[in-house]
Amino acid sequence: MEEKRKIRIDMLSHATSAPAQGVGSAYLEQTRLMQDFGKEDFDIVINKKTKSADIVHVHSVNPDFYFKMGKKTLSVCYVHFLPETLKGSIKLPKPIFSLFCRYVISFYRRAKEIVVVNPSFIDPLVHYGIDKSRITYIPNFVDERTFRAFTPEEKYALRRKYDIPQDKFVLIAVGQVQTRKGVLDFLKVAEENPNILFLWLGGFSFKAITDGYGELKKEMEKKRENVRFLGIVDREKMPEYYGLSDLFFLPSYNELFPMSLLEACSVGIPYLLRDLDLYTPILPHDSFKGKDVSSFSEAIRLLSTDKEKYQEGIDLSRQVREKYSRRNVYRMWKNYYLGLLEKYRK
């Protein structure tokens, strides 16, 4: 009996070259997903572009991948950011920043097909001249085996391990230290809630070109009794930090689909976000959100003192975890890849 021919997909990415980026985490998760669930149907190759590939899936906008998306190549580009989302992330001279933004759009246009992680970014891509029929929404996800719920006993042990007081309500924020992530609001909220311990996991992944680098570095170095900046943490340890925490807080001004949010939901702790339109199509409508420092503080006090509201937060995280499970998202990717081959075969 003839062996079934697998579909060969070449994954191209340098997204992990800079540490602690959501883009890199999404790439690793998606590649592992296809290797775990798609062994019968797909042959996944990493950064080894060959003429025998059925599909070339590009995960990062590096120049060496630009020309690998030739006219005869069935190329897919994974869009994790738009030019407007770069504002507040990196600080470059205006001419260089403008040139880089034009390059990014040119990169996206060059691909045969586009995958976005948030449906709210379809219209902006259309505005940049990309045909809507070439754009598909497939959400991010995380591995629920790695980011799992912790028992009270495990949580107690983790707090001892990382020198976290057992009697404190602990809030965790995760992300690169940059202006758009809302670090300054995070610090202001901490000032208004001295009885709560605030942890920030993440650092300056882009070092001195990070937007707001000087001001943020100065603020981070100030001693605050209830704030700890823990820097870039190995991904293997991230589940433990979520597990010892009580609430995930993301005051970011701009996102696509935060991997950190999915990680927190997978562990099972409630989340509090800035009230942004981009969350509307991807999260439950009754998610806990705030618009400014005052409303963030109000929500945190409510979640830290009201057991019923806290349980509501846990239930919302469970909904997110179930909706974006690995198995559900794998079905989307499998149907997408198969559909692409059928579309271009015609």
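These questions and answers cover a predicted model.

Q: Why is α7 called roughly parallel to α8?
A: The axes of helix α7 (residues 183–192) and helix α8 (residues 213–220) cross at roughly 25°. Angles under 35 degrees count as roughly parallel. The pair is therefore roughly parallel. The two axes come within 11 Å.

Q: Which residues make the contact of α7 with α8?
A: From α7 come V183, L184 and L187. From α8 come E215, L216 and E219.

Q: What makes up this contact of α7 with α8 by class?
A: Four residues are nonpolar and two are charged. There are no polar ones. Val and Leu count as nonpolar, and Glu counts as charged.

Q: Why are α7 and α11 called oblique to each other?
A: Helix α11 (residues 293–305) packs on α7 at an angle of about 55°. Roughly parallel needs an angle under 35 degrees, and roughly perpendicular needs 65 to 115. The angle of about 55° meets neither cut-off, so α7 and α11 are oblique. Their axes are 9 Å apart.

Q: Which residues make the contact of α7 with α11?
A: On the α7 side they are D185, K188, V189 and E192. On the α11 side they are V293, S294, F296, S297, I300 and R301. By class, this contact has four nonpolar, two polar and four charged residues.

Q: What is the handedness of the crossing of α7 with α8, and of α7 with α11?
A: α7 passes α8 in a left-handed crossing. α7 passes α11 in a right-handed crossing.

Q: Why does D163 count as exposed?
A: Its relative accessibility is 60%. Exposed means over 50%. D163 therefore counts as exposed. D163 sits in the loop between α6 (152–161) and β7 (169–174).

Q: What is notable about phi of D163?
A: Phi of D163 is near 55°. That is a positive value in a residue other than glycine.

Q: How many residues does the largest nonpolar core have, and which have the most contacts inside it?
A: The core has 114 residues. Y108, I114, Y242, F248 and W333 have the most contacts inside it. Helix α13 (residues 326–345) gives the most to this core, with seven residues.

Q: What does F248 touch, not counting residues up to four places away in sequence?
A: F248 touches I172, V174, Y242, S260, L261 and A264. The list also includes I269, P270, Y271, L272 and L273. Contact here means heavy atoms within 4.5 Å.

Methods
Residues numbered from 1 in each chain as written. Predicted model: local features only at pLDDT ≥ 70, side-chain atom pairs only at ≥ 80, totals over all residues. Heavy atoms only, no water. Core = buried A, V, L, I, M, F, W, Y, C linked by side-chain atoms within 4.5 Å. Buried < 20%, exposed > 50% of the residue type's maximum accessible area, 1.4 Å probe, protein only. Helix = DSSP H or I, 4+ residues; strand = E, 2+ residues; numbered from the N terminus. Axes fitted to C-alpha atoms, helices over the stretch in contact; angles between N-to-C directions. Parallel < 35°, antiparallel > 145°, perpendicular 65-115°, else oblique. Left-handed = near helix turned anticlockwise from the far one by under 90°.
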